[in-house]
Amino acid sequence: MTRGGGTWADRAQQNDLWEMARARSSNSFNGANPLGWAEVLTDVGMGPYAVVSIANYEDAPQTAARAITETGRPVGLVMWSGRHAWVMSGFESLGDPGQFPEFSVTGVRVQDPLYPHGSGQWGPSPAPNSLLSPEQLATQFVVREPRRWSSDLPAGYLLVLPQAEA
């Protein structure tokens, strides 16, 4: 497996990443949780990443946009109350988060690995690289249910957030 700039695009490589994340996750549903996801991204040279909980919805897309601007790396979005994951690969905003402390995210670019299937409960998956308004994102990006998997994180909107290199 290539580290750093690898794409991990084929099925075998994706399976390896999934198994690595599961091995780093404590999850009664036998899946991978965001903590395992962040550890794998860091361990394979794509990080560092950390899982953060944002109390207010309006702050979550802004936090993600700032991280993308500062690091040039995508952000993980923990969707469906902690049951699924999307990737935020870009955004549109009024104001540049790299230059202004006050800015407004007007759109987020997302990737959903379940596309085109989606969920009967949560709705259809957006097409790859879709630009969603914050209102559209909010229909599936909701507060994580703490009972879904345990952690010391408070309830909130969970991000697998790229960190600046030390």
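**View 1. Arg109 and Glu92 pair up in a salt bridge.** In this predicted model, the closest N and O atoms of Arg109 and Glu92 sit 4.0 Å apart. Arg109 belongs to strand 4 (residues 104–111) and Glu92 to strand 3 (residues 84–94), so the pair ties together parts that are 17 residues apart in sequence. Arg109 is partly exposed, at 26% relative accessible area. Glu92 also counts as partly exposed, with a value of 39%.

**View 2. Arg73 and Glu165 make a salt bridge too.** Here the closest N and O atoms are 3.5 Å apart. Look for Arg73 in the loop between helix 3 (59–71) and strand 2 (75–79), and for Glu165 in the segment after strand 6 (157–162); the pair therefore ties together parts that are 92 residues apart in sequence. Arg73 is buried, with just 15% relative accessible area, whereas Glu165 is exposed at 57%. Counting up the salt bridges in the model gives 2.

**View 3. Stepping back, here's how the protein chain is put together.** You'll find 4 helices and 6 strands in the chain. Starting at the N terminus, their order is α-α-β-α-β-β-β-β-α-β. Among contacts in the chain with a separation of 6 or more, 55% link residues 24 or more positions apart.

**View 4. Finally, a look at what's covered and what's accessible in the protein chain.** The chain has 166 residues, and 42% of them count as buried. Its accessible surface adds up to about 8,800 Å². Carbon and sulfur atoms account for 52% of that surface.

Key
Residues numbered from 1 in each chain as written. Predicted model: local features only at pLDDT ≥ 70, side-chain atom pairs only at ≥ 80, totals over all residues. Heavy atoms only, no water. Helix = DSSP H or I, 4+ residues; strand = E, 2+ residues; numbered from the N terminus. Buried < 20%, exposed > 50% of the residue type's maximum accessible area, 1.4 Å probe, protein only. Contact = heavy atoms within 4.5 Å. Areas by Shrake-Rupley, 256 points an atom, 1.4 Å probe, with all protein chains shown as cover. Salt bridge = Lys/Arg side-chain N within 4 Å of Asp/Glu carboxyl O.
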